[in-house]
Amino acid sequence: MEFPFAESYKIKMVEPIRKSSKPERETWIKQARYNLFNLRSEQVFIDLLTDSGTGAMSDRQWSAMMLGDESYAGASSYYKMKDAIKDIFGFDFFLPTHQGRAAENVLFSVMVKQANLIPGNAHFDTTKGHIEFRKAFAVDCTIDEASDPTLVHPFKGNVDLEKLESVLRSNPKEIIPFIIVTITCNTAGGQPVSIQNLRDVRALANQYGIPVIFDAARFAENAYFIKIRERGYANKTIREIVQEMFSLADAMTMSSKKDAIVNMGGFIAMRDPELYRQASVYNIMFEGYVTYGGMSGRDMNALAQGLYEGTEFDYLETRIRQVAYLGEKLSGFGISIIQPTGGHAIFVDALKFLPLVAREEFPAQTLAVELYLESGVRGVEMSTLMADRDPVTRENRFPELELVRLAIPRRVYTNNHMDYVATALAKVYERRTSITRGLRIVNEAPILRHFTIELDRYI
Ligand SMILES: *Cc1c(COP(=O)(O)O)cnc(C)c1O
């Protein structure tokens, strides 16, 4: 008889959550202008808005916080973080920042100029925002397989080498400051990039003399998939795989709110002392002095500890199997999700779910609102609202997929919660043909509009 799967931790502290009634939720979502970001968290029963900064820290992380050194300069906590980064990623230089987008802001202030091209695999929304804010362009070179939601491919986050080479070949080197590889590729469904692909990108980059930067928020989940799926890696540890991955990069930006399992924090790490020197200027200006950069000493301690816990196989297996568990439940109800399931979230195919809602009425946002009304579960739209308008034409950009993301916080919910979420979605699925109209925009910001957008119902 085989043992069923069981979590690699037990629970020491709990936080109550509260169910609500449908009429309550009707009122709240209207007040929130049909934007789930505007809800109060007490109005949410199970919160799958994001896995960013929402994880549960361990007893070891909490105890590391008590040893935080809050000195302005040269704190021991800074050196703890520096040692962990050197140990895990192999980078000699690093700058703490308050979160991932701050790392992008600092690094791109040095590297990105107007009219530059930044090729990569489905750039993360804040990454694209920081590129377009500087009037530069993010060029998506993800493999075509990524946009076929049901196609099973082990590394759907891979960079298409022909697309990348065509960008490198047909443009002067001076306007391509770097290639950015997002691991795992969030926008394409939390899909991993193979180590072979990272090697191939490196080889092309070397050929054209262009640096490679990893957007590394979910690097450990990526390493897990390499171990499980890529030939020759089954017997390597997660940390060995991470070492090998990052030996192929010149620098990294990190949102530590993901795989470092802290509630706030980020960093930039690099090999080049000159890049470190230039980035330090912007770090001091935007984030804080180079040895704290927007983080408290205690938070740097928790982050250093979190990097070690986040790269333990048992933890990663617990996490990623929970994501797969929810995916299997939904598939069992006949709901289309991106296959195979990725590292941190389930992505529901809203075009298949709500075929009667026009793209101009935002089917994914409509589905996210319906799921909330049904159950108090909060997911998030990842499609047209998130894609912003085209910076030149100001028209809506319609990505190939309309997705609702259900992101699973680390070490927070049990599989009973996953069963509840699956049933909630199944209940909306049962009445899907009655949902024929979506939402319209009442108010929107010029960039990263999905966070603050105001919507209304057609009917
Ligand atoms: C979350 C994330 C970011 C931005 O980080 P924040 O900490 O939210 O500012 C950038 N890139 C990727 C891939 C991410 O997942």
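Below are legends for four close-up views of this predicted model.

A few notes before you dive in: residues are counted from 1 along each chain as its sequence is written, and side-chain values use heavy atoms, with hydrogens and water left out. Since the model is predicted, local features need pLDDT of at least 70 and side-chain atom pairs count only at pLDDT 80 or more, while totals for chains, interfaces and linings use all residues.

**View 1. The ligand and the residues around it.** Here 14 residues surround the ligand, each with a heavy atom within 4 Å of it. The closest are Gln99, Arg101, Asp215, Ser255 and Lys258. Helix H4 (residues 100-111) gives the largest share of this shell, three residues. Helices here are DSSP runs of H or I with at least four residues, strands are E runs of at least two, and both are numbered from the N terminus. Sorted by type, the shell holds two nonpolar, six polar and six charged residues. In this sorting, Asp, Glu, Lys and Arg are charged, Ala, Val, Leu, Ile, Met, Phe, Trp, Tyr, Cys and Pro are nonpolar, and the others, Gly among them, are polar.

**View 2. Polar atoms facing the ligand.** Look for a nitrogen atom of the ligand, 2.8 Å from a polar side-chain atom of Asp215. An oxygen atom of the ligand sits 2.8 Å from an N or O atom in the Arg218 side chain. There's also a backbone case: a polar backbone atom of Gly100 is 2.8 Å from an oxygen atom of the ligand. Taken alone, the ligand exposes 380 Å², and the protein buries 98% of that (areas by the Shrake-Rupley method with a 1.4 Å probe).

**View 3. Strand E5 and its neighbour E6.** Strand E5 (residues 179-182) is covered on both faces: Ile179 and Val181 on one side, Ile180 and Thr182 on the other, are all buried. Buried means under 20% relative accessible area, exposed means over 50%, and partly exposed is in between (1.4 Å probe, protein chains only). E5 runs parallel to strand E6 (residues 212-215), joined by four bridges; strands pair if DSSP finds at least two bridges between them. One to find: Val181 has Phe214 of E6 as its bridge partner.

**View 4. Helix H6 and its two sides.** In helix H6 (residues 161-169), the buried residues are Leu164, Val167 and Leu168. Seen down the H6 axis, they fall within an arc of 95 degrees, so they line one face of the helix. That arc is taken from the directions from the helix axis to the C-beta atoms. On the other side of H6, Glu162 and Arg169 are exposed.

Technical notes:
A polar contact is a pair of N or O atoms within 3.5 Å; within protein, one must be able to donate a hydrogen and the other to accept it, and residues adjacent in sequence count only if both atoms are side-chain atoms.
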